[in-house]
Amino acid sequence: MNKGFWEAKLVPVGLGFIVFFIDQLVKSYVTASMQLGQSIPVIKDYFYITYVLNPGAAFGLFANQRIMFIIVAVALCAGLVYFRRQLAKESLMMKYGVSLLASGAVGNLFDRLQNGLVVDFFDFRVWPVFNIADVAICVGAALIIIDIFVRRNENDTDLQG
């Protein structure tokens, strides 16, 4: 297999599986070793590991919309399957962004299907508690947006001469 195949197809997919696996592994550890609501200081006054169950989306947004989140995550996965050939032609940044976004969505979907709530644990005390899947969703969305703007600017430059 050539280098392009690895970069274009296997690495983004592998990244998604790794993020999903680490997210689920850490969530399992937190739920097995901590009491709900327990908070362990990592950097006192700044960063804690706090075990909470989140009924909402990333960072606690849109609480108690479980069915909507399940539908959105399933639709995202179905869209990825449907558009996989188009996605294969996209830039690496877009592929990594989509992979991270999807792995985060599936990680939180897995929690919702298991118990109706999402396990969160990163607590900076100035922001709602969140998890690895939430980070993957945000970083993935940011990469997608950056890629779209970079390509738009490249196209605008090409059109100008």
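Asp 111 counts as buried because its relative accessibility is 3%, where buried means under 20% relative accessible area, exposed over 50% and partly exposed in between, using a 1.4 Å probe and protein chains only. This is a predicted model, so local features need pLDDT of at least 70 and side-chain atom pairs count only at pLDDT 80 or more, while totals for chains, interfaces and linings use all residues. Residues are numbered from 1 along each chain as its sequence is written, and side-chain values use heavy atoms, with hydrogens and water left out.

**A buried charge network**

What does Asp 111 pair up with? Its side chain meets that of Lys 27 in a salt bridge, 2.9 Å from N to O; the term covers a side-chain nitrogen of Lys or Arg within 4 Å of a carboxyl oxygen of Asp or Glu. That pair ties together distant parts of the chain, with Asp 111 in helix 4 (residues 92–115) and Lys 27 in helix 1, 84 residues apart. Helices here are DSSP runs of H or I with at least four residues, strands are E runs of at least two, and both are numbered from the N terminus.

Lys 27 also has a salt bridge with Asp 23, again with the closest N and O atoms 2.9 Å apart. Those two are separated by about one helical turn, because they sit 4 residues apart in helix 1. Both Asp 23 and Lys 27 are buried, Lys 27 at 2% relative accessibility. Put together, Asp 23, Lys 27 and Asp 111 are linked in a network of salt bridges. The total count of salt bridges comes to 5.

Asn 131 joins the same story: this residue is in the loop between strand 3 and helix 5, and it counts as buried because its relative accessibility is 0%. Leaving aside neighbours within four places in sequence, Asn 131 is in contact (heavy atoms within 4.5 Å) with Asp 23, Lys 27, Asn 108, Val 118, Val 119, Asp 120, Phe 121 and Phe 122. A polar atom of the Asn 131 side chain also lies 2.7 Å from the backbone nitrogen of Asp 134.

**Overall layout and the nonpolar side**

Zooming out, the protein chain has 5 helices and 3 strands, running α-β-β-α-α-α-β-α from the N terminus on. Buried residues make up 33% of its 161 residues. Among contacts between residues at least 6 apart in sequence, 65% join residues at least 24 apart. The chain exposes about 10,000 Å², with carbon and sulfur atoms supplying 70% of that; accessible areas come from the Shrake-Rupley method with a 1.4 Å probe, and for residues only the protein chains shown count as cover.

The largest nonpolar core has 11 residues: Val 19, Val 30, Met 34, Phe 47, Ile 49, Tyr 51, Leu 100, Val 119, Phe 121, Ile 132 and Ala 136. Such a core is a set of buried Ala, Val, Leu, Ile, Met, Phe, Trp, Tyr and Cys residues joined through side-chain atoms within 4.5 Å. At least two of this core's residues come from each of helix 1 (3–33), strand 2 (47–54), strand 3 (118–123) and helix 5 (132–160), and strand 2 gives the largest share, 3 residues. Within the core, Val 30 touches Tyr 51, Val 119 and Phe 121, not counting residues up to four places away in sequence.

There's a greasy spot outside too: Ile 18, Phe 21, Ile 22 and Leu 25 form a nonpolar surface patch with about 400 Å² of accessible area together. A patch is made of residues with over 30% relative accessible area and no salt bridge, with like charges joined within 9 Å and nonpolar side chains (Val, Leu, Ile, Met, Phe, Trp, Tyr) within 5 Å. Phe 21 belongs to helix 1 and is exposed, at a relative accessible area of 53%.

**Loop residues worth a look**

Most residues other than glycine have a negative phi. Two loop residues here have positive values:

| Residue | Phi | Loop |
|---|---|---|
| Asp 45 | near 75 degrees | between strand 1 (39–43) and strand 2 |
| Arg 125 | about 65 degrees | between strand 3 and helix 5 |

Asp 45 is exposed, with a relative accessible area of 55%, whereas Arg 125 is partly exposed at 44%. Arg 125 also forms a salt bridge with Asp 123, whose closest N and O atoms are 3.0 Å apart; Asp 123 is buried, at 7%.

Lastly, Asn 64 is in the loop between strand 2 and helix 2 (66–82) and is exposed, with a relative accessible area of 61%. Its C-alpha atom is separated by 8.8 Å from that of Leu 117, 53 residues along the chain.

Key:
Polar contact = N/O pair within 3.5 Å; in protein donor to acceptor, adjacent residues only side chain to side chain.
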